[in-house]
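Student: I have a structure to study and some questions about its charged side chains. Can we go through it together?

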Amino acid sequence: MDVCKSMHDFNRLKDKEKKLLERFIRYAKVETTSLAYSQSSPSTKYQWDLLKILKQELFEIGAEDVTLDENGYIIARIPPSPGYENITTIGFLAHIDTASDVSGKNVNPVIHENYNGETIKLNGTEIAPSKYPDLKKYKGETIITSDGNTLLGADDKAGVAEIMTAAEYMISHKEMNHGPIEIFFTPDEEIGRGMSKFPVEKVKSLFCYTLDGDGEGTIEMECFNAYSATVKIKGNVIHLGNARGKLINAVKLASEFVQMLPSQESPEATDERYGYYCANGISGNLGEAKVELLLRDFDKTNMEKRIKAVESAAKTLELLYPGSLIDVSFKRQYGNMADYIGKESLGIKLLFDAVKKCGIEPVEKIIRGGTDGARLSEMGIPCPNIFTGGYNYHSREEWAALCSMVKASNVIITLVELWANSGK
């Protein structure tokens, strides 16, 4: 069977597009914000709401071995077609949580059918082609946004909907030959804990793909090396009326520490392959304060330099304020998946082939961030990232193009058949 041809037909069938759209809208409305300070897994109880919905839907579409464990991880399987049992098992992965940068509560998706190519007006904001030129490519298509009060949640509920839609298609079309397939849905990716308790020992896949990219055609095989740092500052407290020469204001030191970080190496001042320091939290009082930092770099050697720079800044501040105590601790969050993904591997070749067969020009990009795929790659299962058709993640200006979402599902299905044919 010519899957690409059949999937182009699939792409034109409005009832199928509507089914994918309905699925995405339904998922987007479920609050799933993850929270970094929580110690539970998932980090928020409302992530369970979507996880339970997905577990039930996987049963309903005919997936097998569907499990939802105590930490919020879903694993489901699609058994191979007869005669394809020995084909390499591959997996597809997406996360169900959304970022806390913008509210994900009471998301109200807005469908803009036959988009007119002009600025989309939302509550308190707008999405203008002059600012976001990718919009221009979708004139006449269906665009989905929030109402402007929240994020949309295409990161990564678009990926979830695309995997579910592809899975339903493959299960219902018995004429399509394929090997063993696994589906994984994870919590807490947005706070860097998406793989912290992932039951990798239960995984049979030898190669996997995340559906967590953005613009149409994007393939991502490289991401940041990532560390977090916590700077704890102890000052000296005394009545402010008698403070001269005695007070060491921990809040002031925290502020000065942040100012010591090079402003030209911040997220807002860098792009492409340049890394950064980001102070993403300050808390405390006169006696004690804490600064939370994110360190990002594509190069391991540069990351080591960043760690030493933070340590040096802390020591310098301590010397400038005798009597203060400053402690810095670091936590590795994830590594650059380029170190674990073989760019010449069969799984990468088939990915590029699948995108091309679906009439899309592949666009190789680096990720200025990370994915569950980066962590899974470190665990020994290579996991590059595929586009979802979403844009402007983590913002009230987030939007997704339905036609690109459908194409992402097409790529999944085409990939599965290419893997099946590769073993014959």
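The questions and answers below move from the whole chain to single pairs.

Tutor: This is a predicted model, where local features need pLDDT of at least 70, side-chain atom pairs count only at pLDDT 80 or more, and totals for chains, interfaces and linings use all residues. Residues are numbered from 1 along each chain as its sequence is written, and side-chain values use heavy atoms, with hydrogens and water left out.

Student: How many helices and strands does the chain have?

Tutor: Both are DSSP runs, numbered from the N terminus: helices are H or I with at least four residues, strands are E with at least two. By that count, the chain has nine helices and 18 strands.

Student: What share of the residues counts as buried?

Tutor: Buried means under 20% relative accessible area, exposed means over 50%, and partly exposed lies in between (1.4 Å probe, protein chains only). The chain has 424 residues, and the buried share is 56%.

Student: How many salt bridges does the structure hold?

Tutor: Side chains of opposite charge can pair when their charged atoms come close. A salt bridge needs a side-chain nitrogen of Lys or Arg within 4 Å of a carboxyl oxygen of Asp or Glu. The structure's total is 19.

Student: Is Lys-137 buried or exposed?

Tutor: Lys-137 shares a salt bridge with Asp-134, at 3.3 Å from N to O. Asp-134 has 32% relative accessibility, so Asp-134 is partly exposed. Lys-137 reaches 53%, so Lys-137 counts as exposed.

Student: How many residues apart are Lys-365 and Asp-214?

Tutor: Their side chains meet in a salt bridge, 3.4 Å from N to O. The pair links distant parts of the chain: Lys-365 lies in strand 15 (residues 363–367), and Asp-214 in the loop between strand 9 (207–211) and strand 10 (218–223). The separation in sequence is 151 residues.

Student: Why does Asp-214 count as partly exposed?

Tutor: Its partner Lys-365 is partly exposed because its relative accessibility is 32%. Asp-214 is partly exposed because its relative accessible area is 22%.

Student: Which helix holds Lys-407?

Tutor: Lys-407 forms a salt bridge with Glu-216, with the closest N and O atoms 3.0 Å apart. Glu-216 sits in the loop between strand 9 and strand 10, 191 residues from Lys-407. Lys-407 itself belongs to residues 402–422, which is helix 9.

Student: Which residues are linked in a network of salt bridges?

Tutor: Here the salt bridges join up into a network. Its members are Lys-19, Glu-22, Arg-23, Arg-26, Glu-57 and Glu-168.
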